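Here's a friendly walk through a structure you may not have met before. Have a look at it first, and then we'll go through it piece by piece.

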Amino acid sequence: MYGKGLKPLSIATVAMLAVSLSLVFFYAPLDGDQGFIQKIFYLHVPLAIVALVGFVIGGVFAIAHLRTNNRKWDAYSYVAIHISVIFGVAVLITGSIWAKASWGHWWVWDEPTLVSFLIVFLLYATYYPFRYAIEDRDRQARYASVFAVTAGAFVPLNFMAVRMAQSLVHPRTFATAEGGMPGEMMLTFLCTLVAVGLLWTTLVKFELTAKSASGQVKRLRRALDAPAPSSTSRIAPEVS
Amino acid sequence: MLLPLGAPALPLDEAGKYVAGAYIVFMVLLVVYVAIMAAKLQRIERELRDVAAIAEDRKAEREEVRA
């Protein structure tokens, strides 16, 4: 029953997104240096954090799959990575827009934060062809889990490497030697972080529910000895 | 908070289009995702209708044999 609790979760997500957007545009003060353009920060940074955490969660689910050999965990891992990749696309586009407005360039290659996120994103973009290249479902699930664990371990290492880099070109979002964000900005940021986190959870649950419904139909077909439909996905894991 | 070096604040009319662009991109991605999910849901519904039709045919056949 993947759909259980989806309705209240969706309502909470929509409410939290509405509250967050209101805070961003009507409560949070304008940044002294960047001005109005800094409003992108409230969307871009939570999306990046949730996407990266989502990749790590995908790795944790993959560990559960490798330990138990239960295909349910492979599906969880696949969906977590899938939604995080979509969030990753949003991070790259919103980041580029922010870079263009702040620095006058859509992309800056000597900025470790940007390039490292691109590397992580491209790494996970290879997850789909990697799955697609393996026909046997069991091997596909096992190898995909190994990939998810390895790539999931790379994410925090990559993050730490970037934090240790000395470049100060990219805005630091939390406390530094000069002090942290003002209270109103921090509250707004935390609200948007919770909203984006809820959105990620809702989309994961939504995707799992759809996969479960599809899996139940396939089970029903098998029980009735009915022919399989012509269009079935070779990479998306089945959820029963 | 440290901010980009040498990045003066853009005037509101110019900054507004970038901020709007970023938020619109996010909304468009969400809408595209929902549209893809709607297509998937339609496919599941179609498959379910097929399976229901097969089950009904089988039931009718069984009743015919019994009669």
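What follows covers the two chains, some helix pairs, the core and a few single residues.

Before anything else, keep in mind that this is a predicted model.

**The two chains**

Let's start with the overall make-up. Chain A has seven helices and zero strands, so to speak an α-α-α-α-α-α-α run when read from the N terminus. Chain B has one helix and zero strands. How much of each chain is buried? The table puts the values side by side.

| Chain | Residues | Helices | Strands | Buried |
|---|---|---|---|---|
| Chain A | 240 residues | seven helices | zero strands | 39% of residues |
| Chain B | 67 residues | one helix | zero strands | 12% of residues |

Within chain A, take the contacts with a separation of 6 or more: residues 24 or more positions apart account for 80% of them.

**Two helix pairs in chain A**

Two packed helices are described by the angle between their axes and the distance between the axes. Take helix α1 (residues 6–27) of chain A and helix α7 (residues 183–223) of chain A: their axes come within 8 Å and cross at roughly 150°. An angle over 145 degrees counts as roughly antiparallel, which is why α1(A) is roughly antiparallel to α7(A). The crossing of these two, α1(A) and α7(A), is left-handed. Sorted by class, the residues in the contact of α1(A) with α7(A) are 15 nonpolar, eight polar and two charged.

Now for another pair. The axes of α4(A) and α6(A) cross at roughly 175° and come within 10 Å, and that makes α4(A) roughly antiparallel to α6(A). On the α4(A) side, the residues making the contact include A:Pro112, A:Val120 and A:Tyr124, while α6(A) brings A:Phe154, A:Asn158 and A:Val162, among others. The contact of α4(A) with α6(A) has eight nonpolar residues, three polar and no charged.

**The core**

Which residues touch the most other members of the largest nonpolar core? They are A:Ile40, A:Leu47 and A:Phe87, in a core of 66 residues. Elements giving two or more residues to this core include α2 (41–68) and α3 (71–103) of chain A, and α1 (12–66) of chain B is on that list too. The largest share, 17 residues, comes from α3(A). In soluble globular proteins, nonpolar side chains tend to be buried together.

You can look at A:Leu47 more closely. Leaving aside neighbours within four places in sequence, A:Leu47 is in contact with A:Phe87, A:Ala90, A:Val91, A:Thr94 and A:Val196.

**A residue of chain B and a residue in a loop**

Next, find B:Val19, which lies in helix α1 of chain B. Is B:Val19 buried or exposed? B:Val19 counts as buried because 24 C-beta neighbours lie inside 10 Å. Not counting residues up to four places away in sequence, B:Val19 touches A:Phe36, A:Ile37, A:Lys39 and A:Ile40. One of these, A:Ile40, has already come up among the residues that touch the most other core members. From B:Val19 to B:Arg46 there are 27 residues in sequence and 41 Å in space, C-alpha to C-alpha.

Finally, go back to chain A and look at A:Asn69. Where is A:Asn69 placed? A:Asn69 sits in the loop between α2 and α3 of chain A. Although A:Asn69 is not a glycine, it has a positive phi of about 60°. With 13 other C-beta atoms within 10 Å, A:Asn69 is partly exposed.

Methods: Residues numbered from 1 in each chain as written. Chains lettered and ligands numbered in written order. Predicted model: local features only at pLDDT ≥ 70, side-chain atom pairs only at ≥ 80, totals over all residues. Helix = DSSP H or I, 4+ residues; strand = E, 2+ residues; numbered from the N terminus. Buried ≥ 20, exposed ≤ 12 C-beta atoms within 10 Å, placed from the backbone. Axes fitted to C-alpha atoms, helices over the stretch in contact; angles between N-to-C directions. Parallel < 35°, antiparallel > 145°, perpendicular 65-115°, else oblique. Left-handed = near helix turned anticlockwise from the far one by under 90°. Nonpolar A, V, L, I, M, F, W, Y, C, P; charged D, E, K, R; others polar. Core = buried A, V, L, I, M, F, W, Y, C linked by C-beta atoms within 7 Å. Contact = placed C-beta atoms within 7 Å.
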